[in-house]
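Student: I would like a close look at a single part of this model, namely its nonpolar interior. Please take me through it in one connected account.

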Amino acid sequence: DRHFMLKHFLRLSAATLILASCATAPQTPAEMRSFSHALLEKSSVSVSRHSGAVTSALKRGAERCLNTTSEQSFARATQFGGHTTTIRHYYDATVRRTGSGRAELMIYKTTTGAITPGAKDGRYLAYLVDVIPARNGTQLNIYGGKIGYDDLNTSIVRWAKGGAMRCPTMP
């Protein structure tokens, strides 16, 4: 349904622009962990796999699916005719081991083509997963947006559990 897609597009664009235009948008994992914003949430998930296996699965998934670009165009009528704005989202995913079985999956996002006058284009840490060894497996601490991140969250947890490497729709 076109109306639903337009509404979803506007919500995602607003969330991206709000985060990207903040002077304090997170740039590092430490900043992301302490970042407080109405559109950001933290969740924790436990999986019954060794942290090394989880890290390897997240690395494979990131390399296969998360270094990508998405594009959205929005057309609107103006008094001088029509106007089309194209917004591009560039995703750069990295998995790094941090020692003692721990790792981080980081997704940096760069957005260009802001739809509101004066909004800044910029690169920021949009998503973070901490991989932490736990007594009966691994704990994942996931930091990401509240709007549009369900498919990404589902894929990350599925990969961590050893499930299929299906690529998510990026927010």
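**The largest nonpolar core and the helix that feeds it**

Tutor: In this predicted model, the largest nonpolar core counts 29 residues, and those that touch the most other members are Leu66, Val129 and Ile156. Two or more residues of this core come from each of H3, E3, E4, E5, E6 and H4, and H3, with 6 residues, gives the most. Leaving aside residues up to four places away in sequence, isoleucine 156 touches Leu58, Leu66, Leu105, Tyr127 and Val129. Apart from this core lies another one, of 8 residues, which includes Phe35, Leu40, Met106 and Leu125.

Helix H3 deserves the closest attention here. The buried residues in H3 are Ser51, Val54, Thr55, Ala57, Leu58, Gly61, Ala62, Cys65 and Leu66. Viewed down the axis of H3, these buried residues fall within an arc of 165 degrees, and they therefore line one face of the helix. The general geometry of helices is useful background: an α-helix has 3.6 residues a turn, so residues three or four places apart point the same way. On the other side of H3, by contrast, Glu63 and Arg64 are exposed. As for what the buried residues of H3 meet, they pack against E1, E3, E4, E5, E6 and H4.

The strands among these partners belong to an open sheet of 6 strands with antiparallel pairing, arranged in the order E1-E6-E5-E4-E3-E2. Strand E1 (40-47) and strand E2 (69-78) stand at the edges with a single partner strand each, so that one side of each has no neighbour in the sheet. On average, and with direction ignored, neighbouring strands of this sheet are turned by 20 degrees against each other.

Within the sheet, strand E3 (residues 81-99) and strand E4 (residues 102-112) run antiparallel and are joined by 11 bridges; tyrosine 90, for instance, has threonine 110 in E4 as its bridge partner. Helix H3 (residues 51-66) lies across E1, E3, E4, strand E5 (122-134) and strand E6 (137-145), and its direction runs at about 155 degrees to E3. Helix H4 (residues 150-160) also packs on the sheet, where it touches E1, E4, E5 and E6, and its direction makes about 30 degrees with that of E5.

Notes: Residues are numbered from 1 along each chain as its sequence is written. This is a predicted model: local features need pLDDT of at least 70, side-chain atom pairs count only at pLDDT 80 or more; totals for chains, interfaces and linings use all residues. Side-chain values use heavy atoms; hydrogens and water are left out. Two strands pair if DSSP finds at least two bridges between them. Helices (H or I, at least four residues) and strands (E, at least two) are DSSP runs, numbered from the N terminus. Axes are lines fitted to C-alpha atoms, for helices over the stretch in contact, and angles run from 0 to 180 degrees between N-to-C directions. Contact means heavy atoms within 4.5 Å. Buried means under 20% relative accessible area, exposed over 50%, partly exposed in between (1.4 Å probe, protein chains only). The arc is that of the directions from the helix axis to the C-beta atoms. A nonpolar core is a set of buried Ala, Val, Leu, Ile, Met, Phe, Trp, Tyr and Cys residues joined through side-chain atoms within 4.5 Å.
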